[in-house]
Amino acid sequence: KAAQQDISLKKNSLPRPVAKTDKEGIILTGATGFLGAHILKELLEQNKDKKEIYCLIRGETELDARKRLCHVMETYFDKNTADIVSDESIIHVIAGDITDNPIDCIRQTLKQYPAAITQILHTAALVKHYGDYKNFYHINVEGTKNMLAVAETLGAEFLYISTESVGGLYIDIRESEQNFNVVREFTEWD
């Protein structure tokens, strides 16, 4: 219940979007993680609506953040995928952090590459199995609250996606990949 109360949003707490445009866009967080990188690759391959793709990535500069993203995409996939991601006309990299007022860096990027953000795909999280609770809370709870506020400000649909290890889900695969048992089921509060 404490987490529920903690995630309450304040209406109109952030300034409204900066640009009006006919282009639609998607913001993806966590693109340098395993799940986010795979979602980005799918977005690149399946973007039939030609939405602008923005990736919020930690980095001092846009160039630093883009280098991190290219390295991850080459590591998980191949050089060709990294080359596609390196093209700033295809992927708009936003150098920023979900825990550090992300609306400011998002608004700056939207001035340069305007689009009406219709969706935020939030996959960024700290997914280590052990660590300091404060770090997990700061990134996973406060960072998510920040991105919820961004979605509210931009009038965007918020899609939260996480890896199974974040919730402690244990999958027992003994016989085949098609036949597995979920040992812990998620509830609406997970």
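**Figure 1. Strand β4 is largely enclosed by the rest of the structure, because 5 of its 7 residues are buried.** The model is predicted. Strand β4 covers residues 116-122. On one flank β4 runs parallel to β1, and 6 bridges join the two. Gly-25 stands opposite Ile-117 of β4. Thr-29 has His-122 of β4 as its bridge partner. β4 also pairs with β5, again in the parallel sense, over 4 bridges.

**Figure 2. Close-up of Gln-119, a residue of strand β4.** Is Gln-119 buried or exposed? Gln-119 counts as buried because its relative accessibility is 19%, and the cut-off for buried is under 20%. Its bridge partner in β5 is Glu-157. The side chains of Gln-119 and Glu-157 also make a polar contact, at 3.0 Å. Beyond residues up to four places away in sequence, Gln-119 touches Gly-25, Ile-26, Ile-27, Lys-51, Ala-156, Glu-157 and Leu-159.

**Figure 3. An open sheet is formed by 5 strands with parallel pairing.** In what order do the strands lie? The order is β3-β2-β1-β4-β5. β3 and β5 (157-160) stand at the edges with a single partner strand each, so one side of each has no neighbour in the sheet. From one strand to the next, the twist averages 25°. Helix α2 (residues 34-46) packs on the sheet. Helix α2 touches β1, β2, β3 and β4, and its direction makes about 160° with that of β1. Strands of a sheet pair through backbone hydrogen bonds, in either a parallel or an antiparallel way.

**Figure 4. Helix α5 (residues 102-112) has buried residues on the same side, as they cover an arc of only 165° around the axis.** The buried residues are Pro-102, Ile-103, Cys-105, Ile-106, Thr-109 and Leu-110. Which elements do they pack against? The partners are β1 (24-29), β2 (52-57), β3 (91-95), β4 and α6 (133-154). Lys-111 and Gln-112 are exposed on the other side of α5. An α-helix has 3.6 residues a turn, so residues three or four places apart point the same way.

**Figure 5. Close-up of Ile-91, a residue of strand β3.** Ile-91 is buried because its relative accessible area is 0%. What is Ile-91 in contact with, apart from neighbours within four places in sequence? The contacts are Leu-40, Leu-44, Ile-53, Cys-55, Arg-66, Leu-69 and Val-85. Ile-91 and Leu-40 are 51 residues apart in sequence. In space, their C-alpha atoms are 9.5 Å apart. The strand that holds Ile-91 is β3, and β3 stands at an edge of the sheet.

**Figure 6. Helix α4 (residues 79-86) and its buried residues.** Thr-81, Ala-82 and Val-85 are the buried residues of α4. They line one face of the helix, because they fall within an arc of 100° seen down the axis. The cover over them includes α2, α3 (62-76) and β3. In β3, Ile-91 is in contact with Val-85. Asp-78 caps the N-terminal end of α4. A side-chain oxygen of Asp-78 lies 3.2 Å from the backbone nitrogen of Asn-80.

**Figure 7. Overview of the predicted model, with 7 helices and 7 strands.** Along the sequence, the pattern is α-β-α-β-α-α-β-α-β-α-β-α-β-β. What share of the 190 residues is buried? Buried residues make up 34%. Of the contacts with a separation of 6 or more, 72% come from residues 24 or more positions apart. The protein exposes about 11800 Å². Carbon and sulfur atoms supply 50% of that area.

Note on methods. Residues numbered from 1 in each chain as written. Predicted model: local features only at pLDDT ≥ 70, side-chain atom pairs only at ≥ 80, totals over all residues. Heavy atoms only, no water. Buried < 20%, exposed > 50% of the residue type's maximum accessible area, 1.4 Å probe, protein only. Polar contact = N/O pair within 3.5 Å; in protein donor to acceptor, adjacent residues only side chain to side chain. Contact = heavy atoms within 4.5 Å. Areas by Shrake-Rupley, 256 points an atom, 1.4 Å probe, with all protein chains shown as cover. Arc of directions from axis to C-beta. Pairing = 2+ DSSP bridges. Axes fitted to C-alpha atoms, helices over the stretch in contact; angles between N-to-C directions.
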